[in-house]
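Visitor: I would like to learn how to read a model feature by feature. Please keep it brisk.

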Amino acid sequence: MLVLSSYPQVTHRNQGESQAVGDYGRGRLVNGYLLPRRGPNFRCYSWLSYYVLGREYVHSRVYHTVLDAYQEMARQYPQRQFVYMETGRKRGGRPWPHRTHQIGLSVDFMSPLRTAGGAPKYYEGLGFARYLLNFDGQGRARLNREVSIDFDVLAAHVLVLDRQARRHGLRVSKVIFNTGLKDELFATKSGQKLKAAGIYFAQQLTPTLNRLHDDHYHVDFAPLP
């Protein structure tokens with residue numbers, strides 16, 4: 001029988017300041033903060049990732065950035081629900097199969113979706129399988145062409161993340177998103193603002209990495225200079 005002590009995440013306490021040691025691809029996290037499993041307009045993508053694998057820890061400043069950004073998104077999009085995916089382990093290090101996510105300054109966010117009738121809910125509950133969802137060059141889901149990436153909301157979220165990060169001494173230093181979808185992203189109203197903001201998007205990715213970064217967008221944070 002599983003008891004509370006089986007899930008150390010349940011009794012984890014966020015307090016003090018975190019420390020990122022090393023680099024995104026080789027490092028560790030001291031005093032990691034655990035993101036809430038869910039909130040008024042957001043949730044973690046996987047029960048297994050949260051409670052069993054313990055892969056939803058971040059730097060304390062990223063913690064406050066992510067939560068404050070969700071609050072701001074609630075004001076802009078009061079009917080939308082958002083999903084964050086994998087972040088990192090409590091003490092950092094490599095969370096396989098990710099090569100980065102090692103110092104608490106990286107977060108994967110599920111690409112928001114839309115249909116003619118609104119945001120579809122089914123795709124939010126796929127768990128680990130959500131990382132395998134594929135989209136075509138216009139951002140339409142290959143399994144159902146009526147479902148597509150909501151590029152405007154995605155762009156708005158990145159802008160809000162950067163704005164809130166700066167309140168906490170950070171900035172969005174890099175976004176990894178499928179390079180073949182950037183034109184679609186920057187063509188939206190929020191996307192035009194995002195492009196003007198000069199937030200760096202990875203320019204070249206291996207075919208495998210590129211294929212894997214349409215269902216979600218990877219965000220790296222860095223301290224302000």
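Guide: What follows is a short tour of core, strands, helix, rings and charges.

Guide: This is a predicted model, where local features need pLDDT of at least 70 and side-chain atom pairs count only at pLDDT 80 or more, while totals for chains, interfaces and linings use all residues. Residues are numbered from 1 along each chain as its sequence is written, and side-chain values use heavy atoms, with hydrogens and water left out.

Visitor: Which residues of the largest nonpolar core touch the most other members?

Guide: Terms first. A nonpolar core is a set of buried Ala, Val, Leu, Ile, Met, Phe, Trp, Tyr and Cys residues joined through side-chain atoms within 4.5 Å. Buried means under 20% relative accessible area, exposed over 50%, and partly exposed in between, with a 1.4 Å probe and protein chains only. The largest core here has 58 residues, and F109, V175, F177, L185, L194 and F221 touch the most other members. Helix α3 (residues 151–167) gives this core its largest share, 10 residues. Helices (H or I, at least four residues) and strands (E, at least two) are DSSP runs, numbered from the N terminus.

Visitor: What does F177 touch?

Guide: Contact means heavy atoms within 4.5 Å. Leaving out residues up to four places away in sequence, F177 touches S111, I149, F151, L154, L185, F201, L205, N210, H213, D214, H216 and Y217.

Visitor: Now strands. In what order do the 3 strands of the open sheet lie?

Guide: Strands of a sheet pair through backbone hydrogen bonds, either parallel or antiparallel. The rule used here: two strands pair if DSSP finds at least two bridges between them. The open sheet runs β9-β11-β10, with antiparallel pairing. Its edge strands are β9 (113–114) and β10 (140–141), each pairing on one side only. Between β9 and β11 (residues 144–149) there are 2 bridges. One residue to look up is L113, whose bridge partner in β11 is I149.

Visitor: Which way do the side chains of β8 point?

Guide: In a regular strand the side chains alternate between the two faces of the sheet. In β8, S106, D108 and M110 point one way, V107 and F109 the other way, and all are buried. That strand spans residues 106–110, and 5 of its 5 residues are buried. β8 also pairs with β13 in the antiparallel sense, over 5 bridges. There, M110 has H216 of β13 as its bridge partner.

Visitor: What span should α2 have?

Guide: The expected span of a helix is 1.5 Å times one less than its number of residues. With 17 residues, α2 should span 24 Å; its end C-alpha atoms are 25 Å apart, which agrees. Buried residues in α2 include V62, V66, Y70 and M73.

Visitor: How many aromatic pairs are there?

Guide: A pair of aromatic rings is described by the distance of the centres and the angle of the planes. Rings of Phe, Tyr and Trp (its six-membered ring) pair if their centres lie within 6.5 Å; planes under 30 degrees apart count as stacked, over 60 as edge-to-face and the rest as tilted. The whole structure holds 9 aromatic pairs. F42 and Y70 have ring centres 4.5 Å apart and planes at 5°, so this pair is stacked. The two rings come from distant parts of the chain: F42 lies in strand β5 (residues 42–44) and Y70 in helix α2 (residues 60–76), 28 residues apart. Both F42 and Y70 are buried. Y50 and Y51 are edge-to-face, at 5.1 Å centre to centre with 75° between the planes. F42, Y70, F82 and Y84 form one aromatic cluster.

Visitor: And charges: how many salt bridges does the search find?

Guide: Side chains of opposite charge can pair when their charged atoms come close. A salt bridge is a side-chain nitrogen of Lys or Arg within 4 Å of a carboxyl oxygen of Asp or Glu. The search finds 8. D68 pairs with R167, with the closest N and O atoms 3.1 Å apart. This pair links helix α2 to helix α3 across 99 residues. R167 is exposed, at 56% relative accessible area.

Visitor: Why are D162 and R166 separated by about one helical turn?

Guide: Because they are 4 residues apart in helix α3. D162 and R166 form a salt bridge, with the closest N and O atoms 3.0 Å apart. D162 is buried at 10% relative accessible area, whereas R166 is partly exposed at 45%.
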